[in-house]
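Visitor: Could you take me through one part of this model in close-up? I'd like to hear about the pockets, starting with the runner-up.

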Amino acid sequence: MGAWFSVDAELAVDLRPAALSDDVGATVDYGSVMRRIVEIGTTNRVNLLERLAGLMSDAILREFPTSEVRVRVRKLTPPLGGLVGTPAVEITRKR
């Protein structure tokens, strides 16, 4: 049985060209980033949040024009035996 996750991704991108041109081709298509994150999260079986965040951050750096990425992954349905909490990890990677 799978688990539900929440993912935040922050990309360091030079936004000046997009701000000047108002052209989506001059920036990162965040819809594509989101689809890639969902693809990684739904096709890879991992045991650790650290592994999932690492796979996502490595793919974003490799596939999108960003110099740095920060990925936070939270497990929304953790088996904590009656305790309430949201385990999470955050990974920052740079080129």
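Guide: Sure. The residues lining the second largest pocket are A9, L11, V13, L15, T27, V28, Y30, V33, M34 and I37. Two elements, β1 and α2, each give two or more residues to that lining, and α2 gives the most, with four. Keep in mind that this is a predicted model. In terms of chemistry, the lining of the second largest pocket has nine nonpolar residues and one polar residue, with no charged ones. The space in there comes to about 170 Å³.

Now hop over to the largest pocket, where you get about 510 Å³ of space. Its lining takes in 20 residues, and those nearest the centre are A3, F5, G41, N44 and L52. Three elements each supply at least two residues of this lining: β1 (5–12), α2 (30–43) and α3 (49–63). The largest share again goes to α2, which brings five residues to the largest pocket, after giving the most to the second largest one. Split by class, the lining of the largest pocket has twelve nonpolar, six polar and two charged residues. So what should you carry over from one pocket to the other? β1 and α2 turn up in the lining of the second largest pocket, and β1 and α2 also help line the largest one, along with α3. As for charge, the largest pocket has two charged residues in its lining, whereas the second largest has none.

Terms used
Residues numbered from 1 in each chain as written. Predicted model: local features only at pLDDT ≥ 70, side-chain atom pairs only at ≥ 80, totals over all residues. Heavy atoms only, no water. 1 Å grid on protein atoms, 1.4 Å probe; cavity = no way out; pocket = protein on both sides within 12 Å on 5 of 7 lines; lining within 4 Å. Points joined across faces, edges and corners; volume = space filled by probe spheres on them. Nonpolar A, V, L, I, M, F, W, Y, C, P; charged D, E, K, R; others polar.
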